[in-house]
Amino acid sequence: MASPKPRCSSFATTSRTHMRPSGGIIDDSFLTETKNIQNRKLSQKRKTLSCQFSIGGQLSPWPTHTSGQTILHNRKPCSYDYRKRAGSWQQHPLGTTKPRYLEQLENYLRKELLLLDLSTDSTQELRLQPYREIFEFFIEDFKTYKPLLSSIKNAYEVMLAHQREKIRALEPLKAKLVTVNEDCNERILAMRAEERYEITMLKKEKMNLLKLIDKKNEEKISLQSEVSKLRKNLAEEYLRYLTERDARKILIADLNELRYQREDMSLAQSPGIWGEDPVKLTLALKMTRQDLTRTQMELNTMKANFGDVVPRRDFEMQEKTNKDLQEQLDSLRDDYEEVCKEHEILLQLHMTTLKERDQFHSELQEIQRTSTPRPDWSKCEDVVAGGPDRWQMLAEGKNSDQLVDVLLEEIGEGLLREKDFFPGLGYGEAIPPFLRFDGIVENKKPTKKDVVNLLKDAWKQRLVEEQKEKFPDFFFNFLEHRFGPGEAMAWAYTIFENIKLFRSNEVMSQFYAVLMGKRSENVYIKQKETVAQLLKEMTNADSQNEGLITMEHLSTVLKSTFPFKKEEKIQELMEAGGWHPNSSNADLLNYRSLFTEDEEGQSTPFVQKLWEQYVDEKDEYLRELKQELGMELHNEVTLPQIREALISIDPSLEKQTLNSYLIQAFQLPMTELPEEGEEKEESIVVQLKIALQRLQMIDIRRMGSREPEPAS
């Protein structure tokens, strides 16, 4: 019996006819015509194969009743002998051989499945078409059950069409959902950045307001002390004037009494007195003597009471002289205190100078003992690529140690470009994950500019993401996304060799430190945020939007952005920005030029000085922490000791920031950090040298002044 001829699946044609990539639908007339063509093909196929698949309208019940089966001989199904033998197939016993009808159906199904193209998106629907045709053959052969089987088939077809339409309707919603999700993520990132900026500004405003409150409280205390002093002086003056008033009244009364006595005495000495009665005269004399005695007593009392009283004019003159002398005394006392302070400062400076002199003297002796002749760097002009001009540019402002680094970079760059391949480092645990490879990788030989641009793109993508994966894994995934999985390892080795060589390049050196785990990436992010904030403050100070500000505005912006920097640090930043001692505050400065970079990523001296001061301040902070602990580097330190030392050197440190420092120093998870006062705090120890190295990796800086501010 001939098997069905290979043909293209009609269902595949139907699927390609019904669906388009854009989700559109072809008009119903074309679909109807296509279905009619398919039905005609199916009817022709059924007529051709009905003689092959039908056995007189009956099928073998294999394998349910194997004893009642017959063996089909190699005869044509439509021949007379075949029909003659078909009626008596029940009488001949048969083995467990599979019926030929079933074998033909299976062979037909297998061939149809092999002819299908399973590389398209509609693979499952294409696989369904041969099964549909087999089911159609069953419907045609089983006339009795044809209505029931047809209704079953139609029900499934209707349901499949319904599900297909439902999927087609949901595809635009899926694309819209992806778009909405991306928009929401971008908004969330923008809101987080804005919140971080607002929190920073509010903290700065809080610090400024606290300083203003303290200043007002100091003024209030000063005014209260002045008021108390003035009240005391007023009470003394009032008591003095009251005493003087009473004394004056007593003096006036005594003077009046003396005048009256004088008048009485003048009357007694008149001529008519000699004719008076002697008794009266005796009595008058007695009374006069008594008045004289009383007056004498009062005079003595007045002398005793007012013997020390001076005239008001003399008193005012003495008071003025005393006031002038007191002012001179206060001025001399202030001058004396100032001279004492200057004397102490000069003594400290003298001691420091002596120590430095001794140190320099010892270093000079050591250098004189071990030093070699100073190299002649002009010999490098003919060796370095670019000639004398490029060497002068590279050597400008650098000491011998830095010149050695520059020379090594130039030599290493030439050797690196001569290499065509890098040997793989293997799969050891000490090998970074992005370099684990066994074999030979190609050297891509990019320029320094290409490497810097690639690293900048990596930082941009890192800032956009939420930093869920480790930085080395992110770096390798970035290279795979940028250059493909086949070229990622070659670029990883190439970039690693370049950033390891060019340590003088800021972008490469910082990326190398973060990539090798020597520095936290938050240090780089915080530095970029600080530079961006400084540029924003200068832009706000530029009211005319001309890109120019005065030196006075530059100083104000620096002091407001860095409130804890000393005056000499602010002066260094201004000098790096272009300020000179002989220039005036009204000179204009192009502040945007302070934040530019060249093609190799090198920043301006202003940004470089900002980074140098940050590194120096971090070292000074950790040095104060070590001095506060008072331990050697090899000693072990507990968690409460570091907590107390940090609070002592930086009282303004917030609890969240303090906890982050402790987590980094002791490498503890956030959930396992004990609260202050818990017993298990004493059991958490680490070597002081290791703790300081771990803190050196992160962004650690002073949050306030070490001396506590006076209470109001």
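Author: In this predicted model, a residue counts as buried under 20% relative accessible area, as exposed over 50%, and as partly exposed in between.

Reader: Why is Arg 294 called partly exposed?

Author: Arg 294 has a relative accessible area of 37%, and since that value falls between the cut-offs of 20% and 50%, Arg 294 is therefore classed as partly exposed.

Reader: What makes the contact of Arg 294 and Glu 257 a salt bridge?

Author: The rule asks for a side-chain nitrogen of Lys or Arg within 4 Å of a carboxyl oxygen of Asp or Glu; the side chains of Arg 294 and Glu 257 meet at 3.6 Å, N to O, so the pair satisfies the rule. The two partners lie in distant parts of the chain, with Arg 294 in helix 7 (residues 278-306) and Glu 257 in helix 6, 37 residues apart. Glu 257, with a relative accessible area of 25%, is partly exposed.

Reader: How do you know that Arg 132 forms a salt bridge with Glu 157?

Author: The closest N and O atoms of Arg 132 and Glu 157 are 2.3 Å apart, which is within the 4 Å that the rule sets, and the pair is therefore counted. This pair, too, links distant parts of the chain: Arg 132 belongs to helix 5 (residues 123-141) and Glu 157 to helix 6 (residues 146-268), 25 residues apart.

Reader: Why does Arg 132 count as buried, and why does Glu 157 count as partly exposed?

Author: Arg 132 has 14% relative accessibility, which is under the 20% limit, so the word buried applies. Glu 157 stands at 25% relative accessibility, a value between 20% and 50%, and therefore counts as partly exposed.

Reader: What makes Glu 612 and Lys 609 a salt bridge, and where do they lie?

Author: Their closest N and O atoms are 3.5 Å apart, so the 4 Å rule is met. Both residues lie in helix 18 (residues 605-629), 3 residues apart, about one turn of the helix. Glu 612 is partly exposed at 40%, and Lys 609 is partly exposed at 25%.

Reader: How many salt bridges does this rule give?

Author: The count comes to 27 salt bridges, and Glu 140, Lys 143 and Lys 146 are linked in a network of them.

Reader: What makes Glu 337 eligible for a patch of negative charge on the surface?

Author: Patch residues need over 30% relative accessible area and no salt bridge; Glu 337, in helix 8 (residues 312-370), has 40% relative accessibility, so the area condition is met. Glu 337 gathers in the patch with Asp 334, Asp 335, Glu 338 and Glu 342.

Terms used: Residues numbered from 1 in each chain as written. Predicted model: local features only at pLDDT ≥ 70, side-chain atom pairs only at ≥ 80, totals over all residues. Heavy atoms only, no water. Helix = DSSP H or I, 4+ residues; strand = E, 2+ residues; numbered from the N terminus. Buried < 20%, exposed > 50% of the residue type's maximum accessible area, 1.4 Å probe, protein only. Patch = residues over 30% accessible without salt bridge, like charges linked within 9 Å, V, L, I, M, F, W, Y side chains within 5 Å. Areas by Shrake-Rupley, 256 points an atom, 1.4 Å probe, with all protein chains shown as cover. Lys, Arg positive; Asp, Glu negative; His and termini not counted. Charge placed at Lys NZ, Arg CZ, Asp CG, Glu CD.
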